[in-house]
Amino acid sequence: MANQSIDIITKVLEQSAKLVEEQVDAQLTKLNEMDEDDLERLKERRLEALKKSQKQKQEWLSKGHGEYREIPSEKDFFSEVKDSKNVVCHFYRNSTFRCKILDKHLAILAKKHVETKFIKLNAEKAPFLSERLRIKVIPTLALLIDGKTKDYVVGFTDLGNTDEFSTEMLEWRLGCADVINYSGNLMDPPTATQRSSTKFTKVEKKTIRGRGYDSDSDSGDD
């Protein structure tokens, strides 16, 4: 029985190897059949795509992408969001130590994901906006696409309920909201431990109500 299973596996592997070899041969044949004009057109298309990509990157950088920075007031928030398709805004408070943990990770991701604008806003200086977006827990990340709030990351619940979450875990969570171009597998969070405790925060209809903030901190900061 064991020998029969081994024979089946061997045959499957041989067939797979043959298929891959045939695909490679087909690609090589296609390349060999291309004349100089074909190669030149292929080169031009790739060059054009590269120029377009560089132009887009420069446009993003001119709008403040590529760095994690603080905006002074809620009035600035609206112009920043209007100016960019994808925005991650960290509503923070100086007295909440977990905000500083988020700062570290967001600074890294801002440089990696130039397609998205990463900003922070002191919630205590933005009472109207905080109430409108129902910011109740600090820290909270508001994830916006085309000027509309699509999702929230409230505290560290979605990040494994730990202060020791990785930058990759936050990157995955932002990818789940489509606010960054995530190249990994969204069905598979970075670690199994974090996966088991991850719960997503649903976006609710915004209303202007509520006062004060809760701190997602074991230190009891208010």
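**Strand S5 and its neighbours**

Trainee: Which residue in the turn of the S5–S6 hairpin has a positive phi?
Mentor: This is a predicted model, in which local features need pLDDT of at least 70, side-chain atom pairs count only at pLDDT 80 or more, and totals for chains, interfaces and linings use all residues. Residues are numbered from 1 along each chain as its sequence is written, and side-chain values use heavy atoms, without hydrogens and water. The hairpin of S5 and S6 (strands are DSSP runs of E, at least two residues, numbered from the N terminus) has 2 residues between its strands. The phi of about 55° in this turn belongs to Asp146.

Trainee: Which strands lie at the edges of the open sheet?
Mentor: The sheet has 5 strands with mixed pairing, in the order S1-S3-S2-S5-S6; to pair, two strands need at least two DSSP bridges between them. An edge strand pairs on one side only, and this holds for S1 (68–70) and S6 (148–154).

Trainee: How many bridges join S2 to S5?
Mentor: S2 covers residues 86–92 and S5 covers residues 140–145, and they run antiparallel. Val87 has Leu144 as its bridge partner in S5, while His90 stands opposite Leu141. The number of bridges joining S2 to S5 is 6.

Trainee: Which residue of S6 stands opposite Thr140?
Mentor: S5 and S6 also pair in the antiparallel sense, over 6 bridges. Opposite Thr140 in S6 stands Val154.

Trainee: Is S5 largely enclosed or open?
Mentor: Buried means under 20% relative accessible area (1.4 Å probe, protein chains only). Thr140, Ala142 and Leu144 are buried on one side, and Leu141, Leu143 and Ile145 on the other. Because 6 of the 6 residues of S5 are buried, the strand is largely enclosed.

Note on methods
Helix = DSSP H or I, 4+ residues; strand = E, 2+ residues; numbered from the N terminus. Buried < 20%, exposed > 50% of the residue type's maximum accessible area, 1.4 Å probe, protein only.
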